[in-house]
Amino acid sequence: MQSAIVIGGGLAGLSVAAALGGAGFRVTLFESRPFLGGRATSFPSSTPDGNGEMIDNCQHVLLRSNVNLLDFYRRLGVSEYIRFCGEYTFIEPGGRQSTLRRGRLRAPAHLLGSFLGLHFLSVSEKLAVARGLAAVRRDYRSRKDLDRISMADWLAERKQPPRAIERFWRPALVSAINEEPGRMAALHGLHFLFATLMAGENLHDMGMAAVPLRQLYDAAEWADIGDVSMRMRYGAERIEIQDGRAQGVLAGGMLHKADAYVSAVPFERVEGIAPELGISPKLFDHSPITGIHIWFDRPVMDLPHASLMDRTIQWVFNKRDGQYLQLVVSASRELVELSRADVVAIAIAELREFFPQAAEASVERVQIIKEVRATFSAAPGTEALRPPSVTSIPNVFLAGDWTDTGWPATMEGAVRSGYAAAEAVTAAAGRRAKFLLPDIA
């Protein structure tokens with residue numbers, strides 16, 4: 001049986017292991033931490049008694065257009081834990097709500113009825129947005145310069161009003177790409193908009209795990225996938241390369257050998273374990289995400305989730321009974337620099353603007369998670385820098401959302417990278433297999 005060692009237990013590494021294990025490889029995965037999932041995982045919340053509930057490091061969502069991520073969940077047998085919702089609620093300061101939902105028309109007009117009813121845009125702004133969305137379809141298929149210009153440049157070309165940018169375009173794009181329109185390549189912005197809004201009637205549906213994220217990867221179904229073993233708290237020190245080939249992975253003071261080796265760690269860590277690959281830790285910039293978990297003494301919200309407008313907090317998710325909420329701020333550079341007390345003050349004050357019940361409730365506790373290196377920044381010009389799965393070392397391969405997936409740093413992008421690396425491993429072994437599903441867009 002041919003073998004592979006995978007370094008890194010995030011979604012990229014896990015998808016490599018699932019694909020190769022299912023293809024009959026003996027796979028060993030090394031993860032330095034005591035849990036799987038990387039940046040999409042869970043851990044016990046901090047409480048004085050040490051008995052905090054399991055919380056996700058940040059609210060991770062997927063869309064029905066994330067076909068490879070959904071396939072990965074299918075391989076693990078955990079698809080039943082993903083719950084989809086086709087409605088998006090937008091709340092303005094003061095509490096006025098608007099809802100975007102699918103109607104009876106076919107894509108790309110399936111959201112038209114509810115779009116026309118949005119309260120937070122004027123008639124002229126809706127017409128401008130409609131013209132912009134029509135241009136998305138044309139430009140995404142035809143323009144060749146989309147990685148060289150920013151999404152802000154594209155929106156300016158399309159004469160989008162400032163208020164429409166701030167209330168329609170920016171909330172959707174920043175949440176999806178984890179970057180501001182002025183720092184985001186138009187290529188990724190248009191890809192997201194096309195794949196989510198125009199390629200099918202239900203592709204905009206938002207999915208979330210009904211269980212803590214860590215539970216998705218600890219599934220007993222790993223045993224049914226194949227010969228896959230997980231070595232937790234077992235960080236790889238380096239890949240030993242001699243005579244142009246990897247000879248093993250040094251971990252735990254021992255040299256572990258396999259036929260193929262896959263590095264599935266963030267780009268800034270590759271140089272430390274395999275300097276021969278020439279991956280600089282300065283290859284990309286990072287973009288942060290801040291998650292704010294708040295427990296109230298009573299219910300303050302009766303919606304499953306909502307997008308909050310015109311303020312710092314972008315999304316709020318009802319995690320339990322309207323009392324435990326998770327707030328998300330993507331591309332949160334300003335919050336990263338603030339103290340914990342300042343972040344808490346902003347979050348509480350803004351929640352009370354949107355939800356009157358929060359003004360009457362007491363805050364029992366707050367936990368803030370600042371993911372400073374949450375994703376790479378999908379800036380103009382970065383596509384040419386993203387490496388493929390294959391490397392200059394014939395039995396060493398790369399996976400990670402920062403590799404050449406065609407996607408920004410999302411869960412779908414991470415799984416796409418893992419499947420691409422697994423395909424490269426099987427090809428090098430003379431057992432070529434296909435795992436990667438075609439992009440809907």
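Here is a chat about a predicted model, going over some of its helices, strands and one buried residue.

Visitor: Let's start with helix 4 and helix 6. What makes helix 4 oblique to helix 6?

Guide: The axes of helix 4 (residues 123–142) and helix 6 (residues 162–177) cross at roughly 60° and come within 10 Å. Angles under 35 degrees would be roughly parallel, 65 to 115 roughly perpendicular and over 145 roughly antiparallel, with the rest oblique. That is why helix 4 ends up oblique to helix 6.

Visitor: Which residues make the contact?

Guide: From helix 4 you get E125, V129, G132, L133 and V136, and from helix 6 R163, A164, F168 and W169. By class, that contact has six nonpolar, one polar and two charged residues. As for handedness, helix 4 passes helix 6 in a right-handed crossing.

Visitor: On to the sheet. Why are strand 8 and strand 19 said to stand at the edges?

Guide: Seven strands make up an open sheet, in the order 8-7-16-17-18-15-19, with mixed pairing. Strand 8 (97–100) and strand 19 (363–376) each have a single partner strand, so one side of each has no neighbour in the sheet. The twist averages 25° from one strand to the next.

Visitor: How do you know that strand 7 and strand 16 pair?

Guide: Pairing takes at least two bridges. Strand 7 (residues 88–91) and strand 16 (residues 305–308) run parallel and are joined by two bridges, so they qualify as a pair. I91, for instance, has L308 in strand 16 as its bridge partner.

Visitor: And what makes strand 14 a partner of strand 1 and of strand 20?

Guide: Bridges again. Strand 1 (residues 3–7) runs parallel to strand 14 (residues 260–263) and is joined to strand 14 by four bridges, with I5 partnered by Y261. Strand 20 (residues 396–398) also pairs with strand 14 in the parallel sense, over three bridges, and there V262 stands opposite F397.

Visitor: Which way do the residues of strand 14 point, and are they buried or exposed?

Guide: A260 and V262 point one way, Y261 and S263 the other way, and all are buried.

Visitor: Why is V27 called buried?

Guide: The cut-off is under 20% relative accessible area. V27 has 0% relative accessibility, so V27 counts as buried. V27 lies in strand 2 (residues 26–30).

Visitor: What is V27 in contact with, leaving aside neighbours within four places in sequence?

Guide: A4, V6, A17, L20, G21, D227, V228 and S229. The C-alpha atoms of V27 and M230 are separated by 8.6 Å, though the two are 203 residues apart along the chain.

Terms used:
Residues numbered from 1 in each chain as written. Predicted model: local features only at pLDDT ≥ 70, side-chain atom pairs only at ≥ 80, totals over all residues. Heavy atoms only, no water. Axes fitted to C-alpha atoms, helices over the stretch in contact; angles between N-to-C directions. Left-handed = near helix turned anticlockwise from the far one by under 90°. Contact = heavy atoms within 4.5 Å. Nonpolar A, V, L, I, M, F, W, Y, C, P; charged D, E, K, R; others polar. Buried < 20%, exposed > 50% of the residue type's maximum accessible area, 1.4 Å probe, protein only.
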